[in-house]
Amino acid sequence: MSNAPVDTGRRRFLTWSTAAVGGVGAAFVAVPFISSWNPSAKAKAAGAPVKVDVSKIEPGQLIRVEWRGKPVWVVRRNQATLDSLAKLDDQLRDPHSDEPQQPEYAQNEYRSIKPELLVTVGICTHLGCSPTYLPDSFGEQVKGVTSGFFCPCHGSKFDMAGRVFKSVPAPLNLVIPPYHYVNDATILVGEDKEGA
């Protein structure tokens with residue numbers, strides 16, 4: 001055993017130097033690891049709001065866009081269709097949209113911000129099939145109703161406000177996504193007016 005004096009200053013310097021180099025090395029490893037938790041650009045784009053030009057949609061026409069991997073339908077309804085909506089209340093499961101599944105601005109008889117445009121997710125609330133839009137032949141499904149949406153998988157039926165008829169498998173109305181008008185010709189699907 002050596003009786004030489006111990007240089008505590010040098011030992012302290014080496015200990016702190018080693019700790020500092022180890023800390024820098026840990027940071028170099030941690031930064032890429034933590035950044036890998038962030039969603040990819042593709043994933044961010046998939047959930048991003050979608051601009052839709054509604055200026056050229058004709059009455060009765062449906063256009064489809066994709067938002068978050070789901071089909072979103074935008075339908076321009078004519079005045080006759082709007083007038084017929086109130087007459088269907090007794091045939092519908094949730095005619096006044098009382099279920100808390102849609103934004104506040106869709107809790108009206110038209111289930112939309114502006115009466116003439118319906119914006120809804122085109123997925124049946126029963127098991128996730130995509131209903132078929134029947135602009136002229138819905139009367140074969142529901143007597144006296146000219147147009148609507150029919151789900152061929154299990155027979156669910158929805159009116160032109162996306163409200164579900166009674167006695168079908170679908171338990172809820174079609175979902176209204178968050179959206180708002182950027183201007184009279186453009187809507188932004190995926191973001192409501194407050195930016196939520």
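**Exercise 1. Identify the bridge partner of Ile 63 in strand S3, and follow the pairing onward from there.**

Solution. Begin at Ile 63, whose bridge partner in S3 is Val 74. The model is a predicted one, in which local features need pLDDT of at least 70 and side-chain atom pairs count only at pLDDT 80 or more, while totals for chains, interfaces and linings use all residues. Residues are numbered from 1 along each chain as its sequence is written, and side-chain values use heavy atoms, with hydrogens and water left out.

Next, place this contact in its strands, which are DSSP runs of E of at least two residues, just as helices are runs of H or I of at least four, both numbered from the N terminus. Strand S2 (residues 62-67) pairs with S3 in the antiparallel sense over six bridges, where pairing requires that DSSP finds at least two bridges between two strands. The hairpin of S2 and S3 has two residues between the strands, and in it Arg 68 takes a positive phi near 55°.

Then move across S3 to its other partner named here: five bridges join S3 to S4, and these strands run antiparallel. Val 74 has Val 119 as its bridge partner in S4.

Finally, consider the surroundings of S3, where five of the seven residues are buried, so the strand is largely enclosed by the rest of the structure; buried means under 20% relative accessible area, exposed over 50%, and partly exposed in between (1.4 Å probe, protein chains only).

**Exercise 2. Describe the ring pairs that involve Trp 73 and Tyr 105, and state how accessible their members are.**

Solution. The rule to apply is that rings of Phe, Tyr and Trp (its six-membered ring) pair if their centres lie within 6.5 Å, with planes under 30 degrees apart counted as stacked, over 60 as edge-to-face and the rest as tilted. By this rule the count comes to five aromatic pairs.

One of them joins Trp 73 and Phe 149, which are stacked at 4.8 Å centre to centre with 20° between the planes. This pair links distant parts of the chain, since Trp 73 belongs to strand S3 (residues 70-76) and Phe 149 to strand S6 (residues 148-150), 76 residues apart. Trp 73 counts as buried because its relative accessibility is 1%, and Phe 149 counts as buried at 0%.

The second pair to examine is that of Tyr 105 and Tyr 179, whose ring centres are 5.6 Å apart and whose planes stand at 90°, so the pair is edge-to-face. Here too distant parts of the chain are linked, with Tyr 105 in the loop between helix H3 (79-85) and strand S4 (117-121), and Tyr 179 in strand S8, 74 residues apart. Tyr 105 is partly exposed at 23% relative accessibility, whereas Tyr 179 is buried at 0%.

To complete the picture, ring pairs link Trp 73, Tyr 133 and Phe 149 into a cluster.

**Exercise 3. Work out the strand order of the open sheet that contains S9, and name its edges.**

Solution. Three strands form this open sheet, in the order S1-S9-S8, with antiparallel pairing. The edge strands are S1 (50-53) and S8 (179-183), each of which pairs on one side only. Neighbouring strands are turned by 30° against each other on average, direction ignored, where the axes are lines fitted to C-alpha atoms (for helices over the stretch in contact) and angles run from 0 to 180 degrees between N-to-C directions.

To locate the contact between S1 and strand S9 (residues 186-189), note that they pair over four bridges in the antiparallel sense, and that Val 50 stands opposite Val 189 in S9.

**Exercise 4. Compare the settings of Arg 111 and Ser 167, two residues with positive phi.**

Solution. Arg 111 has a phi near 55°, a positive value in a residue other than glycine, and it is found in the loop between H3 and S4. Ser 167, also not a glycine, has a positive phi of about 60° and is found in the loop between strand S7 (157-158) and S8.

Accessibility completes the comparison: Arg 111 is buried, with a relative accessible area of 0%, whereas Ser 167 is exposed, with a relative accessible area of 75%.
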